[in-house]
Amino acid sequence: MSETKRKKRAIILFNLGGPDGPDAVKPFLFNLFNDPAIISLPNPFRYFLAKLVSSRRAPIAREIYAHIGGKSPLLELTQEQANALEVALNGLDDGYENRCFIAMRYWKPFAAETAVAVKEWGADEQILLPLYPQYSTTTSGSSVKDWKQACHDVGFKTPIKTACCYPTNSGFVQATAEMVKAGYENILKKAAKLGVGKPRLLFSAHGVPKVVITKRGDPYQSQIEKSAQAVVDEMAITDLDWLVCYQSRVGPMEWIGPSTEHEIERAGKDGVPLVIVPIAFVSEHSETLVELDIEYREIADHLKIPIYERVRTVCSHPRFIAGLVDVVKETQDVLDQNGSDDYSLETRGWWCPDDHSCAVAKQPSGAGRA
């Protein structure tokens with residue numbers, strides 16, 4: 001098919017974003033806590049609470065980012081994923097010219113500036129691709145709503161379809177399983193030399209308040225469990241000791257559990273080695289490089305856990321990128337068959353591969369623009 005006849009398809013990659021320097025930490029935190037998908041208070045209460053919390057947490061957060069060069073590596077790693085996905089998609093003879101764009105939720109590049117770039121490129125269609133394999137109203141839901149608002153603001157409205165989740169996508173599962181199995185086998189060898197027992201796998205995901213699951217019908221927790229089970233099945237290791245846990249709790253609310261810290265403490269009592277698997281993150285950032293690698297390792301050392309090893313995130317693993325290609329193709333098929341998503345901010349109308357759970361989860365009123 002000739003180049004002039006190829007449809008221009010924009011692939012919009014969503015991620016959290018992260019501060020690009022010490023001065024960006026406080027405004028990044030404000031944007032995070034001012035999102036009604038994160039704190040569902042009405043304004044002006046949410047605004048003032050976000051101001052208060054971001055001011056108080058900024059010094060702590062700057063110290064955290066100081067451990068990894070003073071900024072988040074998330075944008076650079078996401079750009080690498082975007083480049084790899086764009087090359088893979090444009091290698092297909094399917095009639096599309098693809099360009100991958102990045103829209104971060106709480107720091108640059110924001111949806112507003114990316115929407116302008118997509119419009120100027122002249123995209124004929126858009127596939128929205130959150131870099132969150134498991135759907136949550138606090139992540140993918142908020143990003144999609146923010147993107148639709150940005151498109152409204154710049155007067156851009158082309159056919160659009162959302163790839164809302166892919167918790168058991170074969171590429172994601174295979175890439176994760178390959179890396180986990182290598183880490184597990186490495187610890188088995190170390191354990192044999194030390195004369196200690198087999199390691200325990202902790203699939204650690206970012207936690208959310210329990211009300212997000214119970215009141216919004218958010219499928220995040222169930223999809224985390226599906227992802228972990230799929231990875232375990234793919235590894236096919238007999239009598240594997242594993243479980244799912246959740247990290248990064250903040251505030252006084254009850255969060256889903258068990259907590260990663262509690263499970264590390266339990267492993268200390270049991271005297272077992274640990275393999276930590278970040279099952280909800282596909283790129284390295286502060287929750288992996290600092291919380292898992294430094295803070296939780298210190299807890300493990302204090303508890304005299306014999307071995308503590310953290311598996312890296314999939315990043316641009318070829319199997320993961322191939323999996324994203326499949327997600328785009330599958331979403332495109334649904335766009336072609338069922339038509340475009342609704343551009344309304346309060347409704348989604350998208351197709352969901354996971355029993356439609358994402359399509360019916362309740363996004364908080366006003367969510368989508370911090």
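The following legends describe close-up views of a predicted model.

**Figure 1. The whole protein contains twelve helices and eight strands.** The C-alpha atoms fill a box of roughly 65 × 50 × 40 Å along the principal axes. A compact globule of 370 residues would have a radius of gyration near 21 Å, and the protein has 21 Å, which agrees. Buried residues account for 55% of the 370 residues. About 15800 Å² of the protein is exposed, and carbon and sulfur atoms supply 53% of that area. Among contacts with a separation of 6 or more, 81% join residues 24 or more positions apart.

**Figure 2. Four strands form an open sheet in the order 2-1-3-4.** The pairing in this sheet is parallel. Strand 2 and strand 4 (160–162) are the edge strands, and each pairs on one side only. From one strand to the next, the twist averages 20 degrees. Helix 4 (residues 111–121) packs on the sheet and touches strand 1 and strand 2. The direction of helix 4 makes about 165 degrees with that of strand 2.

**Figure 3. Strand 1 (residues 7–15) and strand 2 pair in the parallel sense.** Nine bridges connect strand 1 with strand 2. At one position of this pairing, I11 stands opposite C100 in strand 2. Is strand 2 largely enclosed or largely open? Seven of the nine residues of strand 2 (residues 96–104) are buried, so strand 2 is largely enclosed by the rest of the structure. A residue counts as buried when its relative accessible area is under 20%.

**Figure 4. Strand 3 (residues 125–130) pairs with strand 4, and a helix lies across the sheet.** Strand 3 and strand 4 run in the parallel sense and are joined by three bridges. L128 has T162 of strand 4 standing opposite. Helix 11 (residues 318–338) lies across strand 1, strand 2, strand 3 and strand 4. The angle between helix 11 and strand 3 is about 135 degrees.

**Figure 5. A further open sheet has four strands in the order 6-5-7-8.** Pairing between the strands of this sheet is parallel. Why is one side of strand 6 and of strand 8 left without a neighbour in the sheet? Strand 6 (241–247) and strand 8 (308–310) stand at the edges with a single partner strand each, so one side of each has no neighbour in the sheet. Neighbouring strands of this sheet are turned by 25 degrees against each other on average, direction ignored. Helix 8 (residues 220–235) lies across strand 5 and strand 6, and runs at about 150 degrees to strand 6.

**Figure 6. Strand 5 (residues 200–206) pairs with strand 6 and with strand 7 (residues 274–278).** Seven bridges hold the parallel pairing of strand 5 with strand 6. Within this pairing, R200 stands opposite D241, and A205 stands opposite Y246. Strand 5 and strand 7 also run parallel, and five bridges join them. The bridge partner of S204 in strand 7 is P278. Strand 5 is mostly covered, as six of its seven residues are buried. In a regular strand, the side chains alternate between the two faces of the sheet.

**Figure 7. Aromatic rings form seven pairs in the whole structure.** How are the rings of F203 and W242 arranged? Their centres are 5.8 Å apart and their planes stand at 90 degrees, so the pair is edge-to-face. Planes over 60 degrees apart count as edge-to-face. F203 belongs to strand 5 and W242 to strand 6, so this pair ties together parts that are 39 residues apart in sequence. F203 is buried, with a relative accessible area of 0%. W242, at 26% relative accessibility, counts as partly exposed, because that class lies between the limits of under 20% for buried and over 50% for exposed. Elsewhere, ring pairs link F30, Y47 and F48 into a cluster.

How values were computed. Residues are numbered from 1 along each chain as its sequence is written. This is a predicted model: local features need pLDDT of at least 70, side-chain atom pairs count only at pLDDT 80 or more; totals for chains, interfaces and linings use all residues. Side-chain values use heavy atoms; hydrogens and water are left out. Two strands pair if DSSP finds at least two bridges between them. Helices (H or I, at least four residues) and strands (E, at least two) are DSSP runs, numbered from the N terminus. Axes are lines fitted to C-alpha atoms, for helices over the stretch in contact, and angles run from 0 to 180 degrees between N-to-C directions. Contact means heavy atoms within 4.5 Å. The radius of gyration is taken over C-alpha atoms; the globule rule is 2.2 Å times the number of residues to the power 0.38. Buried means under 20% relative accessible area, exposed over 50%, partly exposed in between (1.4 Å probe, protein chains only). Accessible areas come from the Shrake-Rupley method with a 1.4 Å probe; for residues, only the protein chains shown count as cover. Rings of Phe, Tyr and Trp (its six-membered ring) pair if their centres lie within 6.5 Å; planes under 30 degrees apart count as stacked, over 60 as edge-to-face and the rest as tilted.
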